[in-house]
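Student: I would like to go through this entry term by term and hear, for each word, how the value supports it.
Tutor: Then let us look at it together.

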2 protein chains.
Amino acid sequence: MDTKSQLINTATALFQQKGYKSVGLNEILKACNVTKGALYHHFPNGKEELLIACLHDLNEAITTDIKTIFKENLSIREAIRSMIDKLVHDFESDGTLSGYTFSSMVSEMATVSEPVRNACSALYENIQHIFYEKLVTEGFSSESASEMALLMTASIEGAMMLCRTQKSTDPLKTVAKLIPNLLKSF
Amino acid sequence: MDTKSQLINTATALFQQKGYKSVGLNEILKACNVTKGALYHHFPNGKEELLIACLHDLNEAITTDIKTIFKENLSIREAIRSMIDKLVHDFESDGTLSGYTFSSMVSEMATVSEPVRNACSALYENIQHIFYEKLVTEGFSSESASEMALLMTASIEGAMMLCRTQKSTDPLKTVAKLIPNLLKSF
DNA sequence: GTCTATAGCTCGATAGAC
DNA sequence: GTCTATCGAGCTATAGAC
């Protein structure tokens, strides 16, 4: 793998685990055996540029990931369930919440850097849009679909936060169990 | 107000806005005209001890706040609505999300410091417990009530995250609108 | 209980050789 | 494109006078 991708992959994982400010450049560089000179060659604007690259990368990864799941599962109920199963499985296997979460980046940087806030905003919008489209093909009205997509995104992201504080996957499991009920309520 | 409370109040607001690591001790001290010596007199273990004090303080503030709202509003639907109205109003008036959110503290510190993670965990549990009790008095079964309390907490916290990225209060408003539907679905 | 001064460290970023 | 050496700023924390 080329140096640039290596940096992005390592940094993304570390940022998701510990947050943006908690991870120093030296830690990233050491983890993937790259030197400072190489980093600043690929990212002349330094750490923040690297973060934005990570967010763009994450955007593509998450989008294709969710789309694949949605293609393999006919109903949205099954799709959501297998999506959350994947998050739960990842969390249980490596102990870190790396999946579709970037709350650490959002809450640290959204109030501080506009470019970062925009990248995060685009990411959430993409996720919601995938949910939205699936819901519309299942017969939801445009308005209901966009509201539901928002609620699903929010409750999953919020559940990940609870998982992190509790060191448990129960919150995600509960949300997964309840989402079908929500869909019924429309 | 005494120095200690002053430090806690100022630090809490700044941590909520910018996150834990983004706020330096100097910034806090300057904002409330206190010197380093005074800080380390009240919090010998430094910044992290101050953070934990902020979380405990926030815990009490949020708990009494929500309990008051729940006393004034008979149905849980009205209570949730007026609770979220308050969050929306605060966000729109001062532009920062200071309300019942500490996601920045969670995502930065939960994986790094156990004492902080425990304080955050206790805070989420308290909030959920207040919801839970209200739901039980409204006739929900114990199991349904605790599931719903979790879903409500998660979706509200997730919605705040979306509000921050979008610089808009719409996500919170949408969630407020949908929660009654959720309650119906049980 | 509060002040100043400063230690000691890590950070992100830069310069210049190769 | 990658390396090392280094800068200057900012950080948390400490020491000691008052």
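**Surface, charge and fold**

Student: How much area does chain A expose, and what share of it do carbon and sulfur atoms supply?
Tutor: Chain A exposes about 7700 Å², and carbon and sulfur atoms supply 50% of that area; accessible areas come from the Shrake-Rupley method with a 1.4 Å probe, and for residues only the protein chains shown count as cover. This is a predicted model, in which local features need pLDDT of at least 70 and side-chain atom pairs count only at pLDDT 80 or more, while totals for chains, interfaces and linings use all residues. Residues are numbered from 1 along each chain as its sequence is written, chains are lettered from A and ligands numbered from 1 in the order in which they are written, and side-chain values use heavy atoms, with hydrogens and water left out.

Student: How many positive and negative side chains does chain A have, and how far apart do the centres of the two sets lie?
Tutor: There are 18 positive and 22 negative side chains in chain A, with 5 Å between the centres of the two sets. Lys and Arg count as positive and Asp and Glu as negative, with His and the chain ends not counted, and each charge is placed at NZ of Lys, CZ of Arg, CG of Asp or CD of Glu.

Student: How many helices and strands does chain A have, and what makes it as compact as a globular protein of that length?
Tutor: Helices (H or I, at least four residues) and strands (E, at least two) are DSSP runs numbered from the N terminus, and by that rule chain A comes to nine helices and zero strands. Its radius of gyration is 17 Å, close to the 16 Å that the globule rule gives for 186 residues, so chain A is as compact as a globular protein of that length; the radius is taken over C-alpha atoms, and the rule is 2.2 Å times the number of residues to the power 0.38. Along the principal axes, the C-alpha atoms of chain A fill a box of roughly 55 × 30 × 30 Å.

**The annotated regions**

Student: Which residues of chain A does UniProt list for "domain: HTH tetR-type", and which for "DNA-binding region"?
Tutor: The unreviewed UniProt entry lists residues 1-61 of chain A for the domain and residues 24-43 of chain A for the DNA-binding region, although such annotations may be inferred rather than shown by experiment. In the model, residues 1-61 of chain A are 74% helix and 0% strand, with the end C-alpha atoms 17 Å apart, and residues 24-43 are 70% helix and 0% strand, with the end C-alpha atoms 15 Å apart.

Student: Where does Asn33(A) lie, and why is it called exposed?
Tutor: Asn33(A) lies in the loop between helix H2 (25-31) and helix H3 (36-42) of chain A. Exposed means over 50% relative accessible area, buried under 20%, and partly exposed in between (1.4 Å probe, protein chains only); Asn33(A) has 75%, and therefore counts as exposed. Its phi is near 50 degrees, a positive value in a residue other than glycine. Most residues other than glycine have a negative phi.

**Buried residues and their contacts**

Student: What makes Ser104(A) buried, and which residues does it touch?
Tutor: Ser104(A), in helix H6 of chain A, has a relative accessible area of 1% and is therefore buried. Contact means heavy atoms within 4.5 Å, and, not counting residues up to four places away in sequence, Ser104(A) touches Phe15(A), Gln16(A), Gly19(A) and Ser107(B).

Student: Why is Ala110(A) called buried, given its place in a loop?
Tutor: Ala110(A) lies in the loop between helix H6 (103-109) and helix H7 (114-137) of chain A, yet its relative accessible area is 7%, so the word buried applies. Ala110(A) touches Met105(A), Arg117(A) and Arg164(B), residues up to four places away in sequence being left out.

Student: How do you know that Val175(B) counts as buried, and with which residues is it in contact?
Tutor: Val175(B) is found in helix H9 of chain B, and at 0% relative accessibility it counts as buried. Leaving aside neighbours within four places in sequence, Val175(B) is in contact with Leu150(A), Leu151(A), Ser155(B), Ile156(B) and Ala159(B). Thr174(B), also found in helix H9 of chain B, is buried with a relative accessible area of 16%, and, with the sequence neighbours up to four places away not counted, Thr174(B) touches Glu147(A) and Leu150(A).
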